[in-house]
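Here is a short briefing to read alongside the model. Keep the viewer open and follow the bullets topic by topic.

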Amino acid sequence: MAACALRRGLLSSVSKYNKKHTHRILSIADSTGGFEAFRPRFQCRTCGLPGAVQPRRFMSSRPEGKILETVGVFEAVKQHGKYETGQLFLHSVFGYRGIVLFPWHARLYDRDITPPMSDSKPEPPGAHGSKEVKGKTHTYYQVLIDTRDCPHISQRSQTEAVTFLANHDDSRALYAIPGLDYVSHEDILPYNSAEQIPIQHELFERFLMYNPAKSPPFTARDTLKAWQEKNHPWLELSDVHRETTENIRVTVIPFYMGMREAQNSHVYWWRYCIRLENMGNEVVQLRERHWRIFSLSGTLETVRGRGVVGREPVLSKEQPAFQYSSHVSLQAPSGHMWGTFRIERTDGSHFDVRIPPFSLESNKDDKAPPAGYTF
């Protein structure tokens with residue numbers, strides 16, 4: 001999937017036209033109508049000419065029986081304010097089609113921004129860097145991913161980022177809600193479509209309804225509002241941590257999942273979503289992970305292993321990002337995690353990319369499983 005070409009091509013082509021020009025999004029589809037997507041081309045509806053910057057194709061040959069079909073029409077990217085519920089978009093990094101359910105206001109701790117000396121505070125024991133940054137408000141969105149696109153992003157991003165504990169005695173049982181993601185404001189490339197059901201997902205019609213009098217023309221049903229309110233503790237995104245080492249940016253989003261009792265003790269669970277993104281031109285590969293996990297109980301655990309989630313992803317200009325989620329448990333209500341990823345260059349040399357330190361904080365109240373799901 002030429003996700004990088006999508007990002008570069010869209011941003012450059014859109015910026016080269018004035019507001020009088022709109023762009024149709026075209027995607028490769030097979031004769032049955034199923035999308036094989038993400039090799040888009042751009043066409044100005046006003047002049048009928050291709051965009052000035054054409055995304056490069058990275059497949060060796062065009063699949064037989066494929067044709068170009070229009071997905072929608074680009075809209076202006078919001079420089080200020082936030083996108084509303086029902087906004088259709090393309091993900092600027094992973095290329096999938098999605099729709100906004102609702103926004104979150106997160107605190108972004110960006111360690112690439114050096115704080116004033118007076119603002120520096122001690123870090124967790126053993127953490128690197130000896131600096132702490134103040135969080136600034138940043139908008140993220142809970143979104144639905146089009147299920148037609150999931151097979152094409154499965155090697156670059158997990159599509160089951162929302163997980164939760166089972167509501168029974170087995171504290172190791174985890175469940176996932178497929179096709180939900182958290183998307184940063186700058187990753188949204190908005191578009192509109194004439195289709196009344198432009199996104200294929202089992203929750204689309206349950207959560208949203210078509211209303212041509214509105215803009216965007218998809219509004220939240222009462223079921224979405226009730227689901228959001230009921231499951232707020234499960235879905236809430238509050239802190240985002242980011243740090244870049246040698247052009248490799250690591251973003252971490254932790255979530256508290258709840259507490260379970262095991263052998264007369266309490267076990268606290270968190271999930272964390274991580275994105276690695278290659279901001280440079282050099283092709284690199286993630287080879288190892290090295291985690292340090294500090295618990296409020298005073299324990300310090302070291303975890304080493306090959307790759308992440310069983311993979312050793314390559315990060316290149318064509319496919320610059322990899323995103324995954326994992327889980328950690330502590331026998332204490334809070335702690336910290338930090339560490340490094342060992343990255344290999346094409347010449348065989350290595351360097352370590354820092355994982356920004358992040359807190360594991362528990363909520364006071366334990367949680368029941370998300371409403372509306374029966375297992």
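In the hairpin formed by strands E4 and E5, five residues lie between the strands, and Gly-95 takes a positive phi near 80°. This is a predicted model, so please read every value below as computed from predicted coordinates. The hairpin is a handy way in, as E5 also pairs with E6 and runs parallel to E13.

**Strand E5 and its partners**

- E4 covers residues 88-91, and its pairing with E5 is antiparallel, with three bridges.
- Within that pair, Leu-90 has Arg-97 of E5 as its bridge partner.
- E5 also pairs in the antiparallel sense with E6 (residues 136-145), this time over 10 bridges.
- If you would like a landmark in the E5 and E6 pairing, look for Phe-102, which stands opposite Gln-142 in E6.
- E13 (residues 239-245) is parallel to E5, and four bridges join the two strands.
- Arg-107 belongs to this parallel pairing, with Asp-239 in E13 as its bridge partner.
- Why is E5 largely enclosed by the rest of the structure? Of its 14 residues, spanning 97-110, 11 are buried, and therefore the strand is largely enclosed.
- As general background, side chains in a regular strand alternate between the two faces of the sheet.

**The overall picture**

- The protein has five helices and 21 strands.
- Buried residues account for 50% of the 375 residues.
- Among contacts with a separation of 6 or more, 68% are between residues 24 or more positions apart.

**Internal cavities**

- How many cavities of 30 Å³ or more are there? The count comes to five.
- The largest cavity holds about 220 Å³ of space.
- Its lining consists of 18 residues, and the closest to the centre are Tyr-140, Thr-251, Ile-253, Arg-275 and Gln-323.
- Three elements give two or more residues to this lining: strand E9 (180-184), strand E14 (248-262) and strand E15 (265-278).
- E15 supplies the largest share of the lining of the largest cavity, with five residues.
- By residue type, the lining of the largest cavity divides into eight nonpolar, three polar and seven charged residues.

**Met-257 in strand E14**

- Met-257 sits in E14, and its relative accessible area of 1% makes it buried, because the cut-off for that label is under 20%.
- Met-257 and Arg-271 are 14 residues apart in sequence, and their C-alpha atoms are 6.8 Å apart in space.

**Ser-316 and Val-283, two loop residues in contact**

- Ser-316 is located in the loop between strand E18 (314-315) and strand E19 (321-330).
- Is Ser-316 buried or exposed? With 9% relative accessibility, Ser-316 counts as buried.
- The side chain of Ser-316 makes a polar contact of 3.3 Å with the side chain of Glu-318.
- Leaving aside neighbours within four places in sequence, Ser-316 is in contact with Asn-278 and Val-283.
- Val-283 is found in another loop, the one between E15 and strand E16 (284-295).
- Val-283 is partly exposed, with a relative accessible area of 35%.
- Not counting residues up to four places away in sequence, Val-283 touches Val-314, Leu-315, Ser-316, Glu-344, Arg-345 and Thr-346.
- Val-283 and Glu-344 are 61 residues apart in sequence, with a C-alpha to C-alpha distance of 8.9 Å.

**Backbone features to check in the loops**

- Which residues does a cis peptide bond join? The bond is between Ser-215 and Pro-216, with omega about 0°.
- Pro-216 lies in the loop between strand E11 (208-210) and strand E12 (218-220).
- Asn-247 is not a glycine, although it has a positive phi of about 70°.
- The loop between E13 and E14 is where Asn-247 lies, and at 45% relative accessibility Asn-247 counts as partly exposed.
- Val-309, a residue other than glycine, has a positive phi near 45°.
- Val-309 belongs to the loop between strand E17 (300-306) and E18, and its relative accessible area of 38% makes it partly exposed.

Terms used. Residues numbered from 1 in each chain as written. Heavy atoms only, no water. Buried < 20%, exposed > 50% of the residue type's maximum accessible area, 1.4 Å probe, protein only. Pairing = 2+ DSSP bridges. 1 Å grid on protein atoms, 1.4 Å probe; cavity = no way out; pocket = protein on both sides within 12 Å on 5 of 7 lines; lining within 4 Å. Points joined across faces, edges and corners; volume = space filled by probe spheres on them. Nonpolar A, V, L, I, M, F, W, Y, C, P; charged D, E, K, R; others polar. Polar contact = N/O pair within 3.5 Å; in protein donor to acceptor, adjacent residues only side chain to side chain. Contact = heavy atoms within 4.5 Å.
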